[in-house]
Amino acid sequence: SVVKLMRGILQCIMRQMDKVEKFKYSRSTSDSLHAKYNTNTCAPIVGDDEWGHLQVDATSLFLLFLAQMTASGLHIVYTQDEVDVVQNLMFYIETAYKVAVSVLPLSKP
């Protein structure tokens with residue numbers, strides 16, 4: 001069941017790879033990944049103009065669990081296209097963390 005779940009999330013993310021490519025250059029929240037999907041279609045539930053979150057937490061957790069499950073011997077990523085998507089997600093997270101840090105207000109001591 002967990003492999004089906006992780007593969008389902010991966011398939012939903014794969015449908016948004018055009019956004020990941022745009023985000024690399026724009027660093028705009030309107031080009032960020034969605035984390036809520038229609039379970040039948042993998043389509044995002046809300047529109048880009050209604051979202052505006054980088055999804056650093058959800059995407060990072062997905063990648064962390066993917067790495068842990070793969071290390072434990074589960075096969076979740078099957079194709080080279082999926083490997084490429086996972087690699088792109090790593091670059092997305094790296095960039096998103098930099099964007100998130102640069103837009104967060106500094107706390108005062």
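**Notes on a four-helix model**

1. Let's start with how the chain folds back on itself. In the protein chain, 60% of the contacts with a separation of 6 or more are between residues 24 or more positions apart. (Contact here means heavy atoms within 4.5 Å.)

2. Before you read on, a word on where this comes from. This is a predicted model, where local features need pLDDT of at least 70 and side-chain atom pairs count only at pLDDT 80 or more, while totals for chains, interfaces and linings use all residues. Residues are numbered from 1 along each chain as its sequence is written, and side-chain values use heavy atoms, with hydrogens and water left out.

3. How far can you trust it? The average pLDDT (the predictor's confidence in each residue, from 0 to 100) of the protein chain is 83, and 85% of the residues score at least 70. Helix H1 has the highest confidence, with a mean of 93, and helix H4 (residues 80-103) the lowest, with a mean of 84. Where pLDDT is low, the predicted coordinates should not be read in detail.

4. Now the overall layout. The protein chain has 4 helices and 0 strands, and from the N terminus on you'll meet them as α-α-α-α. (Helices, H or I with at least four residues, and strands, E with at least two, are DSSP runs numbered from the N terminus.)

5. What about the surface? The protein chain has 109 residues, and 34% of them count as buried. (Buried is under 20% relative accessible area, exposed is over 50%, and partly exposed is in between, with a 1.4 Å probe and protein chains only.) Its accessible surface is about 7100 Å², with 59% belonging to carbon and sulfur atoms. (Those areas come from the Shrake-Rupley method with a 1.4 Å probe; for residues, only the protein chains shown count as cover.)

6. Look for the disulfide next: searching the whole structure turns up 1. It joins Cys12 and Cys42, with the sulfur atoms 2.4 Å apart; the cut-off for a disulfide is a pair of cysteine sulfur atoms within 2.5 Å. This pair ties together distant parts of the chain, 30 residues apart: Cys12 sits in helix H1 (residues 2-14), and Cys42 in the loop between helix H2 (17-26) and helix H3 (56-71). The torsion about the S-S bond of Cys12 and Cys42 is about -70°, so the disulfide is left-handed.

7. Cys42 deserves another look. Both Cys12 and Cys42 are buried, and for Cys42 the relative accessible area is 14%. Cys42 also has a positive phi, about 70°, although it isn't a glycine. Arg27, which follows H2, has a positive phi too, near 50°.

8. Which residues of H2 are buried? They are Met17, Lys19, Val20 and Phe23. Looking down the axis of H2, you'd find its buried residues within an arc of 145°, so they line one face of the helix. (The arc is that of the directions from the helix axis to the C-beta atoms.)

9. On to the inside. The largest nonpolar core has 24 residues, and Ile13, Leu54, Phe62, Leu89 and Tyr92 touch the most other members. H1, H2, H3 and H4 are the elements giving two or more residues to this core, and H4 gives the most, with 7 residues. (A nonpolar core is a set of buried Ala, Val, Leu, Ile, Met, Phe, Trp, Tyr and Cys residues joined through side-chain atoms within 4.5 Å.) In soluble globular proteins, nonpolar side chains tend to be buried together.

10. Tyr92 is a good residue to click on. If you skip its neighbours within four places in sequence, Tyr92 is in contact with Val20, Phe23, Ser32, Leu33, Leu54 and Thr59.

11. Finally, wander along the loop between H2 and H3, where you'll find Ile45. Is Ile45 buried or exposed? At 54% relative accessibility, Ile45 counts as exposed. Not counting residues up to four places away in sequence, Ile45 touches Lys36, Tyr37 and Asn38. Its C-alpha atom is 8.3 Å from that of His34, 11 residues apart along the chain.

12. Val46 lies in the loop between H2 and H3 as well, and counts as partly exposed at 22% relative accessibility. The C-alpha atoms of Val46 and Lys36 are 7.7 Å apart, with the two residues 10 residues apart along the chain. Lys36 is itself in the loop between H2 and H3 and is partly exposed, at 47% relative accessibility. From Lys36 to Ile9, C-alpha to C-alpha, the distance is 9.8 Å, and the two are 27 residues apart in sequence.
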